[in-house]
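Let's take a walk through this structure, one stop at a time. Keep the model open beside the text and look up each residue as we get to it.

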Amino acid sequence: MNKQTKVWLVLSIALSLLALGSACGGGTSTNNGGPANNSNAGPSLLYSGPTGSISGVVSYNGTPPAPKKIDTTADPVCGQKNPNLMTEDTVVKDGKLANTFIYIKEGTTADGKKFADYTWATPTDEVQLDQNGCHYVPHVLGVQVNQKLKITNSDATQHNIHPTPKLNQEWNQTQANGAPPIEKAFTRAEILIPVKCNQHPWMKSYIGVLKHPFFKVSGADGAYTITGVPAGTYTVVAWREGGATGEEKTMQVTVPANGSAKADFSFGGAATSSTTPSLKMMPAIEFPMLGKH
Ligand SMILES: [Cu+2]
């Protein structure tokens, strides 16, 4: 018997055993519909049409709040490794805003189907969140639903990773100096999950969880590019941290087949300059009316 024949023999035995196993298993189930129907997820619609990209730059108007130096005296290890640790809630360079999470919220593909009706494979590669110098790196990141998130501790001190989601399950886990990576995943889409550290109150990170892969975080130059986007028309959202649930800007874009759509966003500035004049006008309107009595 040659090697190929042996392999086929082993395979066919394995398949027979599998068939036998599922036939026996079927006796306990009321639904004998076969393997295609036993999944609780709906039928999956996979996209195979033409794609394009969305790119742009995120700006910050006006003078951004200056980063503040973080007092790390509670943990000397942090101060030794990272003596100039600064707040990262608004990172602006030359008017461009980093750490903005840009993603497709909804839309219609060029073939007339709802974007939300498509399903996207969970990536097999993991996304890393490191604790290095007593802050989270990166500060903002995205994962797909059920994609593996690998959390590492590069510091000579203990951290306690504590995401505080609204839709996913909350957990917190201590990771000692030298401890192996912690592997987690989120089962539901959520924009965005704040992550804190129970050891170091200043530590913050934000994780965006989506059912699809069309998201990016703006870089230090404010730029981002989302590739492989099905041709279609979409609502694109740029999210940045701030307040209780963050701040969002939305834009409609049409992604052409094999082309690129532009979506520039801007935060900051504008709101304060528009409210001041309207407040000043109010007394001018009110006083003549009072004088008529
Ligand atoms: Cu920590």
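The torsion about the S-S bond of C78 and C134 is about -70°, so this disulfide is left-handed. Keep in mind as you look at it that the model is a predicted one. A disulfide, in general, is a covalent bond between the sulfur atoms of two cysteines. Here the sulfur of C78 and the sulfur of C134 sit 1.9 Å apart. How many disulfides does a search of the whole structure find? The search turns up 1. The pair C78 and C134 links distant parts of the chain, 56 residues apart: C78 belongs to helix α2 (residues 76–81), while C134 is in the loop between β5 and β6.

Are these two cysteines buried or exposed? C78 has a relative accessibility of 0%, so it counts as buried. C134 has a relative accessible area of 1%, and so it is buried as well. The cut-off that matters for both is that buried means under 20% relative accessible area.

Since C134 has brought us to the loop between β5 and β6, let's look at those strands. In strand β5 (residues 127–131), 4 of the 5 residues are buried, so the strand is largely enclosed by the rest of the structure. What does β5 pair with? One partner is strand β8 (residues 149–153), which runs parallel to β5 and is joined to it by 5 bridges. If you want a spot to check, find L129 and look across to I151 in β8, which stands opposite. Another partner is strand β6 (residues 136–137), which pairs with β5 in the antiparallel sense over 2 bridges. There, Q131 stands opposite Y136. β5 and β6 form a hairpin with 4 residues between the strands, and in that hairpin G133 takes a positive phi near 75°.

Next stop: the metal. Which residues coordinate the copper ion? They are H159 and H200, each through ND1, along with C197 through SG and M203 through SD, at 2.0 to 2.5 Å. The 4 donor atoms subtend angles of 98 to 134° around the copper ion, which makes the arrangement tetrahedral. To call it that, all angles have to lie between 85 and 135 degrees.

Along the sequence, the donor residues follow the spacing H-x37-C-x2-H-x2-M. H159 lies in strand β9 (residues 159–163) and M203 in the loop between β12 (190–197) and β13 (204–210), so this pair ties together parts that are 44 residues apart in sequence. Both H159 and M203 are buried. C197, another of the donor residues, has a relative accessibility of 4%, so it counts as buried too.

From H159 we can step over to T174, because T174 touches H159, along with Q158, N160 and I182, once residues up to four places away in sequence are left out. T174 is in strand β10 (residues 173–175). How much of T174 is accessible? Its relative accessible area is 41%, so T174 is partly exposed. The side chains of T174 and N160 are joined by a polar contact of 2.8 Å. You can also look from T174 to I161: the two are 13 residues apart along the chain, and their C-alpha atoms are separated by 6.4 Å.

Now turn to strand β1 (residues 51–61), which has several pairings to follow. With strand β15 (residues 223–230), β1 runs antiparallel, and 6 bridges join the two. S55 stands opposite T225 in β15. With strand β18 (residues 260–262), β1 runs parallel, this time over 3 bridges. The bridge partner of S53 in β18 is S260. Then there is strand β19 (residues 265–268), which pairs with β1 in the parallel sense over 4 bridges. Here you can find N61 opposite G268.

Finally, zoom out to the chain as a whole. It has 3 helices and 19 strands. Of its 293 residues, 34% count as buried. How much of the contact in the chain is between residues far apart in sequence? Among contacts with a separation of 6 or more, residues 24 or more positions apart account for 63%. The disulfide we began with, linking C78 and C134, joins residues 56 apart, and the copper ion ties together H159 and M203, in parts 44 residues apart.

How values were computed. Residues numbered from 1 in each chain as written. Predicted model: local features only at pLDDT ≥ 70, side-chain atom pairs only at ≥ 80, totals over all residues. Heavy atoms only, no water. Donors = N, O, S within 2.8 Å, 3.2 Å for Na, K, Ca; no water. Tetrahedral: all angles 85-135°; square planar, octahedral: opposite > 155°, others 65-115°. Buried < 20%, exposed > 50% of the residue type's maximum accessible area, 1.4 Å probe, protein only. Pairing = 2+ DSSP bridges. Contact = heavy atoms within 4.5 Å. Polar contact = N/O pair within 3.5 Å; in protein donor to acceptor, adjacent residues only side chain to side chain. Disulfide = S-S within 2.5 Å.
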